[in-house]
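Q: I am new to this structure and would like a close look at a single part of it, the open sheet and the spaces and cores around it. Please take me through that part step by step.

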Amino acid sequence: MILVNSIDEPNASARVYNVLMIRAVVVLVIALGLLAPVKAVLQGREPILDMHLHALAADAQGPPPMAMCTPIDAMPGWDPIAPFPQVFIDVFKKPPCANPIWSPTTDVEVMTRTLDVMKRHNVIGVLSGPAERVDAWMAAESARFIPALLLDAGEAGAPSPDIVRQRHAQKRLSVLGEVANQYSGLLPDDPRMEPYWTLAEALEIPVAYHVGPGPPGAIYLGSPNYRARLHSALTLEEVLVKHPKLRLYVMHAGFPLLDDMLAVLYAHPQVYVDVGIIVYGQPRPAFYRYLQALVDFGFGKRVMFGSDQMVWPEALERAITVINDAPFLSAAQKRDILYNNAATFLRLTKEDIARHRGM
């Protein structure tokens, strides 16, 4: 102020203006510098919808702790001189990779570690599992979960259609699935499934149907009726035709029978897929070839993210990384797979989406 007062008036006005402009530019530059990391943080909080999450006991995949390699670069081979379950367990007790994920040893830790990952990455998950475990996880953190229900119609004690109807009426079931009939060797149009299909169509309950890989060698791990031919998405056709208003997504994207999956997506525009387990279980070149084919054939808007984390909570984190690292996907396509496609499939409201973004 002293310097300005000591010079003639016209020049003083110009200099005051210049000083103010310089200060404004400096403030703007500083503000942009401060906002850049804030913007990055906000972008990092964009929500993710995991269409394939599980509430399982710590020993659901074997005696804990169990190690998961992501990916499983070398699938187990077997010389039948030894029992296959022992060969299988050895792979998960002595993992052949440098950076495996070790499973928790308690049921509570499976839940808390899964929630830690979900909160870090703003994940909302369709939560499948036995009814009592889904209820327990919902009670712990209902805002993070969309309740579903594990079903194998070939198993004794499977949840009945009446239980499905009741849980839906009580708002304790929003998705029917994972429907894991493949483990019992049941085709989707098995008569035992018809009451469920009819109910799901009538109540507009989305169905998550397992078509694709179980554990390597599932037939010899306690599922003697499991068959590789049931990896084919073509097995769903008669159900889709009989129940045209059914909302169904194919878990595991029918891997590895790509042509069958492409044919079903082409013939039945209402069908979506998720990429559970194959996203981190398969070597990246194999998974990326499969995913890129789905996108290249025009089905990028019907591919949904899924982790199938089971008892390995951090597998969810690694699955997200695989999608974000995909070199052939644009930023928009990644967001579609990680959230937007599932939001469309689930018919989320603007309020639902806003709530997810604010979590």
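**The open sheet and its surroundings**

A: In this predicted model, a good place to begin is Ala208, which stands opposite Tyr249 in strand 8. That pair belongs to the contact between strand 7, residues 207-210, and strand 8, which run in the parallel sense and are joined over four bridges. On its other side, strand 7 pairs with strand 6, again in the parallel sense but over two bridges, and there Leu176 has Val207 of strand 7 as its bridge partner.

These pairings are part of an open sheet of five strands, whose order is 6-7-8-9-10 and whose pairing is parallel. At the edges of this sheet are strand 6 (176-179) and strand 10 (303-304), each of which pairs on one side only.

Strand 8, residues 248-251, deserves a slower look, since its side chains can be followed one by one. In a regular strand the side chains alternate between the two faces of the sheet. Here Leu248 and Val250 point one way, while Tyr249 and Met251 point the other way, and all of them are buried.

Tyr249 and Met251, which share a direction in strand 8, also appear together in the lining of the second largest cavity, along with Ala208. A search of the whole structure finds two cavities of 30 Å³ or more, and this second one has a volume of about 30 Å³. Its lining also includes Met51, His52, Leu53, Val126, Ser128, Ala148, Val175, Gly177 and Glu178. The elements that give two or more residues to this lining are strand 1 (48-54), strand 4 (123-128), strand 6 and strand 8, and strand 1 provides the largest share, with three residues. By kind, the lining of the second largest cavity divides into eight nonpolar residues, three polar and one charged.

The largest cavity, which holds about 40 Å³ of space, also involves residues of strand 7, a strand that spans 207-210, for Tyr209 and His210 are among those that line it. The others in this lining are Gln182, Leu186, Pro188, Val211, Leu230 and Thr235. Five residues of the lining of the largest cavity are nonpolar and three are polar, with no charged residue.

From the cavities we can turn to the cores. In soluble globular proteins, nonpolar side chains tend to be buried together. The largest nonpolar core in this model has 84 residues, and those that touch the most other members are Met261, Phe287, Leu294, Phe305, Trp312 and Ile323. Helix 11, residues 284-299, gives this core its largest share, eight residues. Apart from it lies another core, of 18 residues, and Met251, already met in strand 8, is among them, as are Ala342, Ala343 and Leu346.

Ile323, one of the residues with the most contacts to other members of the largest core, can serve as an example of the packing there. Leaving aside residues up to four places away in sequence, Ile323 touches Val279, Phe287, Leu291, Phe305, Leu329, Lys334, Ile337 and Leu338, and of these Phe287 and Phe305 are themselves named among the core residues that touch the most other members.

Note on methods
Residues numbered from 1 in each chain as written. Predicted model: local features only at pLDDT ≥ 70, side-chain atom pairs only at ≥ 80, totals over all residues. Heavy atoms only, no water. Core = buried A, V, L, I, M, F, W, Y, C linked by side-chain atoms within 4.5 Å. Buried < 20%, exposed > 50% of the residue type's maximum accessible area, 1.4 Å probe, protein only. Contact = heavy atoms within 4.5 Å. Pairing = 2+ DSSP bridges. 1 Å grid on protein atoms, 1.4 Å probe; cavity = no way out; pocket = protein on both sides within 12 Å on 5 of 7 lines; lining within 4 Å. Points joined across faces, edges and corners; volume = space filled by probe spheres on them. Nonpolar A, V, L, I, M, F, W, Y, C, P; charged D, E, K, R; others polar.
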